[in-house]
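Here is a short report on one protein chain. Keep the sequence and the 3D view open while reading.

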Amino acid sequence: QVQPVESGGGLVQAGGSLRLSCAASGRTVSSYVMGWFRQAPGQEREFVGRIRRSGSTYYADSVKGRFTISRDNAKNTVYLQMNSLKPEDTAVYYCALCYDSDCSNVDSWGQGTQVTVSS
């Protein structure tokens, strides 16, 4: 099973920006619904957003207006642009290949990338 691979995490101050990348060699990301999730310490993994094959996107209320998911078909990569970051955005961020249009069922998870937002 091919896993997606995330990159781009790091430490940023509140109000700053980061861009996460998700590559999926062996899979064509434009053929899947691709999702982003996150898990903060002591909390359950939560949905952040997803991009459908059509390119349409959907976001959790907590990140709407601040985060943007995009896709570069030539690079077979999906991105999560995170702006106006808050300390509560601190989490391990995961990319996922999804079975269904709402990412309710995940085919495979990446290993995660840590995002830490300092106040």
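What follows covers the sheets, the cores, the disulfides and two single residues of a predicted model.

## The four-stranded sheet

Four strands make an open sheet, and their order is E1-E3-E8-E7. The pairing is antiparallel. Strand E1 (5-7) and E7 form the edges, each with a partner on one side only. From one strand to the next, the twist averages 20°.

Inside this sheet, E3 and E8 are joined by six bridges in the antiparallel sense. Leu18 shows the register: Met82 in E8 stands opposite. In a regular strand, side chains alternate between the two faces of the sheet.

## Strand E9 and its partners

E9 is largely enclosed by the rest of the structure, because seven of its eight residues are buried. E9 pairs with E4 over seven bridges, antiparallel. Here Trp36 stands opposite Cys95 in E9.

E9 also pairs with E11, again in the antiparallel sense, over three bridges. Val92 faces Gln114 of E11 in this pairing. Three bridges link E9 to strand E10 (residues 106-109), and these two strands run antiparallel. Ala96 has Trp109 in E10 as its bridge partner.

## The nonpolar cores

The largest nonpolar core holds 26 residues. Those with the most contacts inside this core are Met34, Trp36, Phe67, Val78, Leu80, Met82 and Tyr93. Strands E3 (18-23), E4 (33-39), E5 (46-51), E7 (67-72), E8 (77-82), E9 (91-98) and E11 (113-118) each give two or more residues. E9 gives the largest share, four residues.

A separate core has five residues, including Phe37, Ala96, Cys98 and Cys103. Met34 has contacts with residues from many parts of the chain. Setting aside residues up to four places away in sequence, Met34 touches Cys22, Val29, Gly49, Arg50, Ile51, Val78, Cys95, Ala96, Leu97, Cys98 and Cys103.## The two disulfides

How many disulfides does the structure hold? There are two. Counting bonded cysteines along the chain, the pattern is 1-2, 3-4. A disulfide is a covalent bond between the sulfur atoms of two cysteines.

One disulfide links Cys22 and Cys95, with an S to S distance of 2.0 Å. Cys22 sits in strand E3 and Cys95 in strand E9, so this pair ties together parts that are 73 residues apart in sequence. The link is left-handed, with -75° about the S-S bond. Both Cys22 and Cys95 are buried.

The other disulfide joins Cys98 to Cys103, at 1.9 Å from S to S. Its torsion about the S-S bond is about 80°, so this disulfide is right-handed. Cys98 counts as buried, at 4% relative accessibility. Cys103 is buried too, with a relative accessible area of 5%.

## Arg38, a buried arginine

Arg38 is part of strand E4. Is Arg38 buried or exposed? Arg38 counts as buried because its relative accessibility is 6%, and the cut-off for buried is under 20%.

Which side chains make polar contacts with the side chain of Arg38? One is Glu46, at 2.6 Å. Another is Tyr93, at 2.9 Å. Tyr93 is also among the residues with the most contacts inside the largest nonpolar core.

Beyond neighbours within four places in sequence, Arg38 is in contact with Glu44, Arg45, Glu46, Val48, Ser62, Val63, Phe67, Glu88, Asp89, Ala91, Val92 and Tyr93. Phe67 and Tyr93 both belong to the largest nonpolar core.

## Gln13, an exposed glutamine

Gln13 lies in strand E2 (residues 10-13). Gln13 counts as exposed because its relative accessibility is 60%, and the cut-off for exposed is over 50%.

Which residues does Gln13 touch, not counting those up to four places away in sequence? They are Val117 and Ser118. Gln13 and Thr116 are 103 residues apart along the chain, yet 8.3 Å separates their C-alpha atoms.

Definitions and conventions. Residues are numbered from 1 along each chain as its sequence is written. This is a predicted model: local features need pLDDT of at least 70, side-chain atom pairs count only at pLDDT 80 or more; totals for chains, interfaces and linings use all residues. Side-chain values use heavy atoms; hydrogens and water are left out. A nonpolar core is a set of buried Ala, Val, Leu, Ile, Met, Phe, Trp, Tyr and Cys residues joined through side-chain atoms within 4.5 Å. Buried means under 20% relative accessible area, exposed over 50%, partly exposed in between (1.4 Å probe, protein chains only). Contact means heavy atoms within 4.5 Å. A polar contact is a pair of N or O atoms within 3.5 Å; within protein, one must be able to donate a hydrogen and the other to accept it, and residues adjacent in sequence count only if both atoms are side-chain atoms. A disulfide is a pair of cysteine sulfur atoms within 2.5 Å. Two strands pair if DSSP finds at least two bridges between them. Axes are lines fitted to C-alpha atoms, for helices over the stretch in contact, and angles run from 0 to 180 degrees between N-to-C directions.
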